[in-house]
Amino acid sequence: MTPQPLSEPDDLVALGIFAGAQVLVVLFSVIKANAYRERAYLFHAAAVMMAVLAVQNLAGKQRLFPQAVLLAVMALAGMQLRDLIAHAGGLRQARRWLVGVSLGLMPALALASILEEWVLPFGALAWGAVVWIVLQQAWRQSRPWVWWVLPGMASLVAAALVRGAFVLGDAGEGTLPVGGLLTLWAASIYLATDWRGRLFGETRARIDARNTVDPLTGLAMPLMLHERIRAAATMMRRYGHPSVIMMIHIEGLARLAQEFGPEASEAALLAAAERVRECVRDGDVAARLTHSRMAVLAEGLSPAEGAANVASRILVAGLREPVPSLPAEFLRFRIVLAPVPVEDISPKALLHRLGARLDQELQSPTERRIVTVSNEEVTTQV
């Protein structure tokens, strides 16, 4: 007996709602994949598109093609699950089994299901068993987002078994349950993928912040400053876009530590970092180099403009008010600045030469607070 297509309007409307919900999941998955560069979203989008095709075939007169499409859905879902559990340790063998079943067994069964109706439930049970083994081993390392994976995968296996049961029973029903189960699977796995992506994204953000932001002052790390100096030098060579690099020394930190303890020196450092951050412009980079020294890269300024618009503001900010925890202590800075050279000189060497010139200024009897170093002095110093 050949199954008949759906004829009840309510059934067609419900099936259309299921298909529409799956299309929305595809859309959201593609957007998230492009935004966060997560391959797992792409695998899920492809699997859900295959599920939409299966629902469309079920709504028509096709009898065997939905079985092949459902097996292809499970193959893609297995590869997506492999990406989801890529972080879990001790699953090398389990992942091999998952890849073997998803890329080897399921495509072969999809072709065989066109000729033999019993292939679909067999493939669903085999795939579900491997997924259960994988999830059982990855459960502790994947919470809490894995809570959505288990009902999602169970819904996909149930959809295949329901379809297989109705086909083997030679009945024309079961389209709506299959469509509903596939929609539940698509939504559950999307939520799991999104939850996992958010957690892992926060972890990556913390790692990136640890590599780019000084944890004490909140200023940039030297590595980030080096990258920006290279970019500024490239802009100078190509377009004549000037930039200024400043080396800032905080005076008196050793004296404060000796008189009031290390907490006072640290408070002065934090206050100095905050004053420097307030004075730099949007797009400039302020980095902490040592305990008493910071550097500022000001793009789009000549040395004279940098001294007048940025360096002088930093000096005034230090004397504007005392350190909050030390009412009688003000921040005094010494600043050496130079244009970012177009010559091939490494940022580390450039900062080292500015630091050496700053050491000379600290040892000299002069009280100059801002010293401008020429491009020739920076590039020819040994």
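**Exercise 1. Describe the largest pocket of this predicted model: how much space lies in it, and which residues line it?**

Step 1. The largest pocket holds about 200 Å³ of space. The model it was computed from is a predicted one.

Step 2. The residues that line the largest pocket are Pro222, His226, Met247, Leu289, Thr290, Arg293, Lys348, Leu351, His352 and Gly355.

Step 3. Two helices, H8 (222-239) and H12 (347-363), each supply at least two residues of this lining. H12 gives the most, with 4 residues.

Step 4. Sorted by class, the lining of the largest pocket has 4 nonpolar, 4 polar and 2 charged residues.

**Exercise 2. Describe the second largest pocket: how much space lies in it, and which elements give two or more residues to its lining?**

Step 1. The space in the second largest pocket is about 160 Å³.

Step 2. Its lining has 13 residues, and those closest to the centre are Ala233, Arg237, Glu343, Asp344 and Ile345.

Step 3. H8 and H12 are the elements that give two or more residues to the lining of the second largest pocket. The largest share, 5 residues, comes from H8.

Step 4. By class, this lining divides into 7 nonpolar, 2 polar and 4 charged residues.

**Exercise 3. Find the residues that make a nonpolar surface patch of about 370 Å², and state whether Leu27 is buried, partly exposed or exposed.**

Step 1. The patch is made by Leu24, Leu27, Phe28 and Ile31.

Step 2. Leu27 belongs to helix H1, which covers residues 9-36.

Step 3. The relative accessibility of Leu27 is 46%. Partly exposed residues fall between the limits of 20% and 50%, so Leu27 counts as partly exposed.

**Exercise 4. Count the salt bridges, then work out which parts of the chain are tied together by the pair Arg228 and Glu299.**

Step 1. The count comes to 17 salt bridges.

Step 2. In the salt bridge between Arg228 and Glu299, the closest N and O atoms are 2.6 Å apart.

Step 3. Arg228 lies in helix H8 and Glu299 in strand E3 (residues 293-299), so this pair ties together parts 71 residues apart in sequence.

Step 4. With a relative accessible area of 25%, Arg228 is partly exposed.

**Exercise 5. Locate the two partners of the salt bridge between Arg369 and Glu251, and give the accessibility of each.**

Step 1. The side chains of Arg369 and Glu251 meet at 2.9 Å, N to O.

Step 2. Arg369 is in the loop between H12 and strand E5 (370-372), while Glu251 is in the loop between strand E1 (243-250) and helix H9 (253-260). The pair links distant parts of the chain, 118 residues apart.

Step 3. Arg369 is partly exposed at 23% relative accessibility. Glu251, with a relative accessible area of 22%, is partly exposed.

**Exercise 6. Which residues are joined with Arg357 into one network by salt bridges that share partners?**

Step 1. Begin with the pair Glu361 and Arg368, a salt bridge whose closest N and O atoms are 3.1 Å apart. Glu361 is buried, with a relative accessible area of 5%, whereas Arg368 is partly exposed at 43%.

Step 2. Salt bridges with shared partners join Arg357, Glu361, Arg368 and Glu377 into one network.

Step 3. Arg357 is found in helix H12. Its relative accessible area is 14%, so Arg357 is buried.

Step 4. Arg357 can also be placed relative to Val371: the two are 14 residues apart in sequence and 9.2 Å apart in space, C-alpha to C-alpha.

How values were computed: Residues numbered from 1 in each chain as written. Predicted model: local features only at pLDDT ≥ 70, side-chain atom pairs only at ≥ 80, totals over all residues. Heavy atoms only, no water. 1 Å grid on protein atoms, 1.4 Å probe; cavity = no way out; pocket = protein on both sides within 12 Å on 5 of 7 lines; lining within 4 Å. Points joined across faces, edges and corners; volume = space filled by probe spheres on them. Nonpolar A, V, L, I, M, F, W, Y, C, P; charged D, E, K, R; others polar. Patch = residues over 30% accessible without salt bridge, like charges linked within 9 Å, V, L, I, M, F, W, Y side chains within 5 Å. Areas by Shrake-Rupley, 256 points an atom, 1.4 Å probe, with all protein chains shown as cover. Salt bridge = Lys/Arg side-chain N within 4 Å of Asp/Glu carboxyl O. Buried < 20%, exposed > 50% of the residue type's maximum accessible area, 1.4 Å probe, protein only.
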